[in-house]
Amino acid sequence: MNEIPLSMSTATYHYVSGGPGIDDINVQCEPGSWTAVMGPSGAGKSTLLYCASGLLPVSDGSVYIAGRDISKMREKQLTQMRRDHIGFVFQDYNLVEAFTCLQNVMLTYLFGGPKILKDQALRALQVMGLDGFADTYPADMSGGQRQRVSIARALAAEPDIVFADEPTGALDTHSSQMVLDAFDRIIQEGRTVLMVTHDPNVAARAHRTLFLVDGRVHSVCEGYSSEQLASHLANMTNMGQELGQ
Amino acid sequence: MSNSSAGVPHSGQHGNATKHVALQNTTFFSLVRSLLAAHHSSYFVMFLATFAASLVTSSVLQLYYAGKKRDGAPNVQSMNRYHQLLADVPYQNVTMTSLVASVCSLLVSVFLVLASVKFLVQERQREYGLMRINGAARTRIILLALCEFAVPLALSNMFGCICGSLLTPVVGKIFEGAAEFHDVGIAFHPCVRFSVGLYTFLLMMITCLTGVWLAVRKIGLLPPLVLLRQESVKRQKNGAGRKITSLFLLVVIAVVGFVPFEALTLDLRSMLLTVLVIVCVYVSAPILVYGAVSVLGLILEHFGKGAGLLARQRARSGKAGSAAIALPAMMLLTIVVSFLAVFSAGSVGGSLLMLDPLKADLVVTSEIPEQTVKLSQSLKGLDKELRAVNTYETQDWTIPDSDDIFQVAWSDSQELFDGNKSAITPKVIKGSLKNVGPGRIAVNQDRLTYDIGDKVSLVDKYDNKHQVEVVAIIDAPKGLPSLGMDFLTVNDSLPKVGENYVAITTIVADSSSKVNSISQQIRDLNVKVARIESRQAYIDRFVTRGVEGQKANLIMIVGGATLALIFLMQSIAISLGERSQQNYRLYQIGVSPRSIAWSGGLESVLDVAGGTLIALASVSIVELSLAVAFTREGLSYMYVPIQIGKFSLLAAVLMVIAFATAIFCTHWNMQRTMQSGSTK
């Protein structure tokens, strides 16, 4: 992988209702990097994630994924980008309830994406501790198990970049650890993770953390501990409140 | 890129392209199987609805073909030509009636199946959103949906077509009376045709899958994030496209309904207008329903307290759900009642156009030749009170190479040649009536295209041919539909050996005040006549006969109502099913299950009432257009048939069913939720 997985240049998005979006974001994620995004509520974290992944079109600036400018792409091309280069892990598990775990893991391939062998998918489930769940439906699984299926898909499909929105938000400690360990594996394979989180403990596992306030990147912290991140977040939250006043 | 560190084998370049494609296709259909398994419970009502639609459509189409192929027609070889043709009339009737019923059934089915499928697809929008986010192209999702829905739709349509076809003999019995089989002494025995069942199946499948395609395509146009958040399709504002289309259709309706066009006959205008109104109502349903429930809901809010307030707010906020419930009511009332009005008006209007202007003050009908002679002689005694008397003896004859039955009329030559302006005589277009005599005849230009000098063979009841020459072209006297006068001759020119003898004597009184007296005197003559009618009574008889001929419309009403009720119940069940979570929360904060159920019932009634109000406006446009058309033709608008009774009855039935269904569904959902102790 030679191209930069993700590059955002002066990316801006404003909601029609006038709510805060993102403003003049410049971010670059190198291959094999893990970036967390934190900030007070309403700072634009999820908006940044959606714009970076092409789910929301930026109103200004550009977004490059795997060296291609997605801000100018049509829906058909975006669909192909999502299928071939992007993985998603959402807080609410992102699984199609009607499909089995195996089908969910192979989803991108089933819709014409890069080939995923059945053995490959089963192996990914096994790695995530979901042996024997191949024919199980999400409705019959716990939240943690479902999230691990999402991660298994990210492992099996080999996307260039994985976008995760509060991936551990609804999980217990043990399940959260399993998810974060899986992200470690993804990084080791040379792929990239961009993750939104409220939890300093989770963010501390990342290589760096971006702090957003009012849609703008306020600071970038590398190598911070969870306590430092928590303190920094508290400061950001107070700052956001003051600015709001 | 290697996955070795994750312990996942590398995909490499294993297998050839064919194997890759084969594996992918197999797995794609495994997705279809999974969707079918996951959503099977949601198909039940759709299955029932499309089954009913297929059943009705296939049975009436079977009847159409049975009529066209003349199933059960008697051996006519021993009959004369006249009776052979007469035996064909009921088959023509059943063909026409079943064709109309098929069109109505298909129309209702199309709109309601579209709404039904659309609702189910909208329930899946989060699922489709997830697929889109994971790289599913729109075409793939459409293909997936088509494959998924094709299975239950194919099953329901297949069973519906089979059952409908098997019910053909039963439905045929219902049509038998309306098509007047009994009048000619024939029993109708329609055959069941496999090919018709197959055509119906294909037609319904195309309709249903088109509905799936339209619904999923719309979902596919939305951004995946919108679908994922279920921001909805349900709560989206009505697009500009819908508003513009609705306005455009309104303008077209105004033009077609009220602007005079020479080329548009009353029947054609009315049919076209009805179809346009139906399409306009369907397109603008979400806009109209919101307005209607907002207004009508004020009544509920005022009288219904908390339950009424909740019902109104839910009806206003859940646009797609309200429109789905209101749509069956709108479609049934608009389609069925409008068609009834159009057919009745067409028949009445046609009758009135034939009757106007009727110059005669009295019309005396006799079916016995000897009594006709006696009447004529007796009327001479009333000479001073009568301005003009014309007697036309008529019989039905046939001509070779034609499937029609023609009326031959005989008249007294003196009455005919006098050309008295107050008399009821035909208008001569070409030639002269003075040339009519033995072997020479006048021809009515309305139904026949002969010219002066042409030779015509007339066939009597013994199938003997009588060769005559055309010496005049005429228009039959106006205002007498019983006097078609296809051929006119004078007494003793042609033997009276046709079928169905009827003598029509028209009387113009010297003064209108003497009409009643003359009528009484005729009765006192002790001549056996079929009837003595004043001008008004004669007109009313034909108008009534025209309306009664619409007996088969009852079949349309019943069939349409059945379909609409099934779809209505389906829409209510689906709409209330998605409320179970909200209702459970209300229950948790202290609202009684009874109030919740009551609110659900009121909301459904409100939606149906909204649909009824819209249908009332639509039907009113159709009726108003008919009134304008009647007036323009010189007819009284009082003759426009107002379908208040049928409309009110259908609306009342719909509201009662809606209320009962909603109460039941809400109560059942609540019980289920309370037992499970959680919401899904």
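# How two chains meet, and what counts as buried

Q: How many residue pairs are in polar contact between chain B and chain A?
A: In this predicted model, seven residue pairs make polar contact between chain B and chain A, with both residues at pLDDT 80 or more.

Q: Which helices of chain B supply at least two residues each to the side that touches chain A?
A: They are α1 (17–39), α4 (125–133), α5 (138–166) and α8 (224–229) of chain B. The largest share, 11 residues, comes from α1(B). By type, the residues on this side of chain B divide into 18 nonpolar, 15 polar and six charged.

Q: How many residues of the two chains are in contact, and how much area do the chains bury between them?
A: On the chain B side there are 39 residues, in contact with 38 residues of chain A. Together the chains bury about 3,600 Å², and 61% of that is on carbon and sulfur atoms.

Q: What makes the meeting of B:Arg132 and A:Glu75 a salt bridge?
A: The test is a side-chain nitrogen of Lys or Arg within 4 Å of a carboxyl oxygen of Asp or Glu. For B:Arg132 and A:Glu75 the N to O distance is 2.8 Å, so this pair passes the 4 Å test. The count of salt bridges between chain B and chain A is one.

Q: Why is A:Asn104 called buried?
A: Buried means under 20% relative accessible area. A:Asn104 has 0%, so the name fits. This residue is in helix α3 (residues 101–105) of chain A. The side chain of A:Asn104 reaches the backbone oxygen of A:Phe99 at 3.1 Å. Leaving aside neighbours within four places in sequence, the contacts of A:Asn104 include A:Leu95, A:Val96, A:Pro138 and A:Arg153.

Q: How do you know that B:Cys147 is in no disulfide?
A: A disulfide needs two cysteine sulfur atoms within 2.5 Å. The nearest cysteine sulfur to B:Cys147, that of B:Cys208, is 15 Å away, so the pair fails the test. Over all chains the count of disulfides is zero.

Q: Is B:Cys147 buried or exposed?
A: B:Cys147 counts as buried, because 18% relative accessibility is under the 20% limit.

Q: Why does the sulfur of B:Cys161 form no bond with the closest cysteine sulfur?
A: The closest cysteine sulfur is in B:Cys163, at 9.5 Å, which is too far for a bond, since the cut-off is 2.5 Å.

Q: What makes B:Cys161 a buried residue?
A: The relative accessible area of B:Cys161 is 4%, under the 20% that the word requires, so B:Cys161 is buried.

Conventions: Residues are numbered from 1 along each chain as its sequence is written. Chains are lettered from A and ligands numbered from 1 in the order in which they are written. This is a predicted model: local features need pLDDT of at least 70, side-chain atom pairs count only at pLDDT 80 or more; totals for chains, interfaces and linings use all residues. Side-chain values use heavy atoms; hydrogens and water are left out. Contact means heavy atoms within 4.5 Å. Buried area is the accessible area (1.4 Å probe) that two parts lose on being put together, summed over both. A polar contact is a pair of N or O atoms within 3.5 Å; within protein, one must be able to donate a hydrogen and the other to accept it, and residues adjacent in sequence count only if both atoms are side-chain atoms. Helices (H or I, at least four residues) and strands (E, at least two) are DSSP runs, numbered from the N terminus. Ala, Val, Leu, Ile, Met, Phe, Trp, Tyr, Cys and Pro count as nonpolar, Asp, Glu, Lys and Arg as charged, and the others, Gly among them, as polar. Buried means under 20% relative accessible area, exposed over 50%, partly exposed in between (1.4 Å probe, protein chains only).
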